[in-house]
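Hi everyone, thanks for making time for this. Please have a look at the structure while I talk you through a few parts of it.

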Amino acid sequence: MSNLWIIAGKEIRDGLRNRWIVATTLLLAALALTLTFLGSAPTGTVGASRLAVTVVSLSSLTIFLVPLIALLLAYDAIVGEFDRGTLLLLLSYPVARWEVVIGKFLGHLAILAFATAVGYGAAAVALVLTDGTSEGLTTFAAMIGTSILLGAVFVSIGYLISAIVRDRGLAGGLAIGVWLLFVLIYDMALLGLLVVDKGRTISAAMLDVLLLLNPADAFRVLNLSGSGGASQFAGMAGLSDNAGLSPAILLTALALWIALPLGGAALALGRRQL
Amino acid sequence: MTTLVALEKVTKRYGTHTAVNDLTLEFGEGQCIALVGHNGAGKTTLIKLMLGLTHPTAGRVRVLGEDPLSAAGQRARLAIGYLPENVAFPASLTGLEMLRFYGRLKRQPRPECEDLLAQVGLTAAAHKRIGTYSKGMRQRLGLAQALLGAPRLLFLDEPTTGLDPFLRQSFYGIVAALRGRGVTTVLSSHALSELETRVDKIVVLHEGTALISGTLESLRTMARLPTIFRLRLRNGLAGKVPAIFEGLAAGSVAADGAIELSCTADRKIEVIRRAQGLAGLDDIEIQSPSLDQLYAAFLQDKQSAS
């Protein structure tokens, strides 16, 4: 077994033991089921698939909750082990520092992926069972997949914070700051900018770039204006018509958002003096 | 004797603080070496340099023939064991799970882990969470992980801190057995008196430099500290230093009536020979300078020199 899987496996076992996995899975399942049955009630009999409508409400839930869970999982990963003294021992073993970073990342990602897939999956199963139709299931599955991808982005950013700072409190503060920035502040600022600018200097192409610079926005555009038909319910049809962002571009942006911070974290730990 | 560890003019600075200063050392196969010195003398930094956990500001470190910072040095760690000062483990895992994790990283099978737990007396606690372990149990688990994979080279940083006297004895028992198998052990400690009979070589560190190094005997010779004799003579003969020691050892009478003689190491045998000829000799007690005294003496020399 390679070092990566050995380290990832330990992280998963740790997650099971300290109830992280159970807690996040239950939280996501409870919220998903609540949103599914309360949130899709207004559709009545208009013909819209309840699964497709649920994708819209769950996407919004994802944008708020998944980055927060991911950052909380990740911010302590390196600085915490350094603080407790467990990292020193681990690095005296025949493992490369990048293997420690990537291995731990894979473990945390597995925890997040399990919680998201099972939590949201429970809502999908409940809908298919009550409605007797599986229409819109592909869109739903894509939403779960991209939610995990968004989680990976924020685990990766959390790792970068954790590898750079030397204080756990500071790492926690920065993680919350990153969450506030990408989930709340960025969109408000962007909206304000667009209103003030009135289309004079910010072109459509520039707006695309600005959307890609926030992984939460890339996720939003990917799910709410995608080809699954959710755009009609999400109020994003206008945006999806105008945006020149194909799913391939959006997925590439998310992949870069995972790779770059994680690479930075590996580099930072590699240079760190113990 | 094969050289397992070689340091050549190694310096390590953290900002303006020099933790290790132009240090040259060599440790051979099968030796048990004690790094001795007070807090901040550079013991832990030296061990970290040898493990590749930190890189030298200047100089060259070779461990098992490799640079510990290189990829080859990383592979060489398969044959190295390390017990850090204040060893820590995740509280939520059990002792066996923890050891299995480290065992996998050293490509060791489960039975080896169970054997090691038995060796350090943790079999009964193998399935208990480490959070419930006492300090001594954590230290023993730390020793077990250091012994994974039958290492050729072992670094033990303050290994007996927090262990009760009984555990210390069993700990040194394990170290002695390793020495018998040809394992090179480098241990740092404050507990100087514990180390005396157990190590081949002592390196006294002070402000990042090796003040002195050698066997305990050679250190005693170098320090020129006197050997002390206490002679007990039967009633009537006590109270006066016998004339036969005149010119050989300085003598005085202690409060309890015993005669105390103090001489240099080279005159030891002659003092014993003459004492044996004393009429009414009841008991003779010999105190060679302890490691604590040697350490204090070297430090004093250093301070008066600077």
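**A walk through chains A and B**

One thing before we start: this is a predicted model.

Let me begin at the end of a helix in chain B. Right after α8(B) comes B:Arg224, and its phi is positive, near 55 degrees. Now step back into the helix itself, which spans residues 216-223. Which residues of α8(B) are buried? They are B:Leu216, B:Leu219 and B:Arg220. These residues lie on the same side of α8(B), because the arc they cover around the axis is only 100 degrees. And what covers them? The cover includes two strands of chain B, β8 (201-206) and β9 (209-214), along with α10 (291-305) of that chain.

Staying in chain B, let's turn to strand β5, residues 80-83. Here both faces are covered. On one side you'll find B:Ile80 and B:Tyr82, on the other B:Gly81 and B:Leu83, and all of them are buried. Which strand does β5(B) pair with? Its partner is β6 of chain B, residues 153-157, and the two run in the parallel sense over four bridges. If you'd like a spot to zoom in on, B:Leu83 stands opposite B:Leu156 in β6(B).

Finally, chain A. What is it built from, helices or strands? There are 13 helices and zero strands, so reading from the N terminus you meet one α element after another. The chain has 274 residues, and 46% of them are buried. As for contacts in chain A between residues at least 6 apart in sequence, 83% join residues at least 24 apart.

Methods:
Residues are numbered from 1 along each chain as its sequence is written. Chains are lettered from A and ligands numbered from 1 in the order in which they are written. This is a predicted model: local features need pLDDT of at least 70, side-chain atom pairs count only at pLDDT 80 or more; totals for chains, interfaces and linings use all residues. A residue is buried if 20 or more other C-beta atoms lie within 10 Å of its own, exposed if 12 or fewer, and partly exposed in between; C-beta atoms are placed from the backbone. The arc is that of the directions from the helix axis to the C-beta atoms. Two residues are in contact if their C-beta atoms, placed from the backbone, lie within 7 Å. Two strands pair if DSSP finds at least two bridges between them.
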